[in-house]
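The exercises below are to be worked with the sequence and the coordinates at hand. Try each task before reading its solution.

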Amino acid sequence: MARDPIWGESGLSVTLLPSGPQGDALFEVATAWTKLRLLAPSMWVRAEWLDSTGTNPPRQTAVVLGASRAEEPHMVEVDLFEQLARQNLGQIRLLVVRTAVPNLEFDQKQDDLVELLGRYLDQSVPKVRSSSDAEAPIASLSKLNLLTGPTEFIPQNQERLVNPLFNAHFVASTEDRSSPLAGDAFVRYDSTSRRFAGFTMLHVATLAALWQGLPRGGYELAKKANWEGDKVYVSRVFVSAILTDGLIQRACARVLQRAGNAREGFTDLSLDFAVDGTYPIPDAQVDDFINTMVSLTFDFRDGILQYKPAADREAPAKFRFGILGQLGDFFVFSGNKILRVPFYTGLWFWKKTVDILNSLFQGGGKGAAEVVGPQEFLDPRDLSIIKKYDQVAETKKAADLAINSPVGNSPVRSTPELWERIRKLVFGFLDGSNLQLFGIKRQDNGWPIFYRVSSMFSDPADVLSVPDPLDESKRISLKWMDLAQASEIQVALTQQVIKTKDSMSASLQKVVSSKEEIERLEEEIRELQLHLDLDLIDATEPVDNQAVNRG
């Protein structure tokens, strides 16, 4: 059987409060503890909320009490039996709270409502399984009676406070301690105080399984305990401990609420004192401290995040040899070339003979056949130079692409140690811890910290104004919670990024091609300039010869 999403594993407890001021006080305490999120959602009924027409089946109004997202108590009035019919519950408890205090008469209205609700709950809750399966779950109804009173008070008409229709009677021990080994503060009743109501409420929360995160109640635990005859002692918590924890929780909640406010900060110095051992960084020095944090971050792990330009390499050392070495290399090179002259002369005559034969007999090489000539081989030194030239050309092309392209992904990878130091630095300037690790010195008035989180991070409540990617002439306002709008903008920006990357790639190819064309034209210009210089020299030599002859 699926569990109800509201009541969960603990089941539903219907708590029947006393009538009059006693019920008012208990409901106030329940509301306060629910606001503190000590109690899970709960259901409460009272004799004053019963339909006064007296018709049967009765119309009993119940109040469902829970905490809203705004941390405020939220109450919903429902019809008790209609609510039970709408939910799939495996365990239902009817918890009757009876308080015995001085000068208080027996609550007859509550007693009448106990018998009425008990009878109709027996009819409402199913007694059989939902299927023929013997292991199918069955709904269980437990009727519990809780009796509370101050220390050493003996109520009159004790026999009327118990009733045989209950599965178990629980009598609260009249003691109040902050822990089992602490002294007893005793339980006293004061109509002007809510302490006795808190004493009763802690037993209600224990029996009804209302504590947050505790799915079992006192009755379920008692069934598994060691009984002494018809009695069993059940451990419980004490009201002093609950109130103390509540005060701590409220204080922590206030501090966290102030700390979570990006603009106000931990402390309003106009009303409160500075946090002990710290002092707020003045607004005029915020930018300086931010710059210091950035500098420290880039120095972590030997400056792994810093930009490091490529090291300039020195020119390779020159080959050094003497006069005899130079002349020896020259004559060896010249001798090799002279010795190869007859070979290449023979190749030249061979090729000329092949060309003549192809012209005479094969139509100048345009026919279906041809005379095969000698295979041309390059000198090994020429082959080596051509190979080196191709390698240099490829390297130069890759370098041109790298120089003209945008900055790419860095090969540097972050490490857990790097993020640990960054985290300690950031939180250190928020709470004053670990600052000594980064060379920050403690001043006479404490450690410098940012009292406002907005000094370091963007305020989530801020509204960002950005250009509309769909229409550059407009601007749009973005909030942190506008997720749907942000996704639309992300899609538009992603498309723009793709178009920009494609445009940049095309432009980059054009830049590289243009540089190659410029280099080719410059080479042609140099060759033309060389030819012009040679023509100029050839033109001036006859004039000089004529002048010599005339002379």
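A residue counts as buried when its relative accessible area is under 20%, as exposed when that area is over 50%, and as partly exposed in between. The model is a predicted one.

**Exercise 1. Helix α7**

Task: Compare the span of helix α7 with the span expected at 1.5 Å a residue, then state which of its residues are buried and what these pack against.

Solution. Step one: helix α7 covers residues 286-303, which is 18 residues. The expected span is 1.5 Å times one less than the number of residues, and for α7 this gives 26 Å. The C-alpha atoms at the two ends are 24 Å apart, so the expectation and the model agree.

Step two: apply the 20% cut-off. The buried residues of α7 are V286, F289, M293, L296, T297, F300 and G303.

Step three: look for the partners of these residues. They pack against α10 (416-431) and β9 (447-449).

**Exercise 2. Helix α10**

Task: Repeat the span check for α10, list its buried residues, and examine the residue just after the helix.

Solution. Step one: α10 has 16 residues, for which 1.5 Å a residue predicts 22 Å; the end C-alpha atoms are 22 Å apart, so the two values agree.

Step two: L418, I422, L425, V426, G428, F429 and L430 are the buried residues of α10. Their cover includes α7 and β9.

Step three: G432 follows just after α10 and has a positive phi of about 85°.

Step four: α10 also holds a charged pair. E420 and K424 are four residues apart in this helix, about one turn, and their side chains form a salt bridge with an N to O distance of 3.3 Å. E420 is partly exposed at 32% relative accessibility, and K424 is also partly exposed, at 29%.

**Exercise 3. Two further salt bridges**

Task: For the pairs D122 with K143 and E517 with R520, give the distance, the placement in the chain and the accessibility of each partner.

Solution. Step one: a search of the whole structure returns eleven salt bridges. One of the pairs to be treated here is D122 with K143, whose closest N and O atoms are 2.7 Å apart. The pair links distant parts of the chain, with D122 in helix α3 and K143 in strand β6 (residues 140-148), 21 residues apart.

Step two: classify both partners. D122 has a relative accessible area of 33%, so the residue is partly exposed. K143 has 8%, so this residue is buried.

Step three: turn to E517 and R520, where the closest N and O atoms are 2.3 Å apart. Both lie in helix α11 (residues 483-550); because they are three residues apart, about one helical turn separates them. E517, at 36% relative accessibility, is partly exposed, as is R520 at 39%.

Step four: some salt bridges join into a network, and D24, R46 and E48 are linked in this way.

**Exercise 4. A buried charge**

Task: Locate D107, decide how its charge is placed relative to opposite charges, and list what the residue touches.

Solution. Step one: D107 sits in the loop between β5 (91-99) and α3 (108-124).

Step two: D107 is buried and has no salt bridge. The nearest side chain of opposite charge belongs to K109, 7.2 Å away, and a salt bridge needs an N to O distance within 4 Å.

Step three: search for polar partners in the backbone. The side chain of D107 reaches the backbone nitrogen of Q110 at 3.1 Å.

Step four: leave out residues up to four places away in sequence. D107 then touches P18 and S19.

**Exercise 5. Q83 and the whole chain**

Task: Is Q83 buried or exposed, and what share of the whole chain is buried?

Solution. Step one: Q83 lies in helix α2 (residues 80-86). Its relative accessibility is 13%, so Q83 counts as buried. Apart from neighbours within four places in sequence, Q83 is in contact with M43 and V78.

Step two: the protein chain has 551 residues, of which 30% are buried. Its secondary structure consists of eleven helices and eleven strands.

Step three: consider the surface. The chain exposes about 38,100 Å², and carbon and sulfur atoms supply 57% of this area.

Step four: consider the contacts with a separation of 6 or more. Residues 24 or more positions apart account for 64% of them.

Technical notes
Residues are numbered from 1 along each chain as its sequence is written. This is a predicted model: local features need pLDDT of at least 70, side-chain atom pairs count only at pLDDT 80 or more; totals for chains, interfaces and linings use all residues. Side-chain values use heavy atoms; hydrogens and water are left out. Buried means under 20% relative accessible area, exposed over 50%, partly exposed in between (1.4 Å probe, protein chains only). Contact means heavy atoms within 4.5 Å. Accessible areas come from the Shrake-Rupley method with a 1.4 Å probe; for residues, only the protein chains shown count as cover. Lys and Arg count as positive and Asp and Glu as negative; His and the chain ends are not counted. A polar contact is a pair of N or O atoms within 3.5 Å; within protein, one must be able to donate a hydrogen and the other to accept it, and residues adjacent in sequence count only if both atoms are side-chain atoms.
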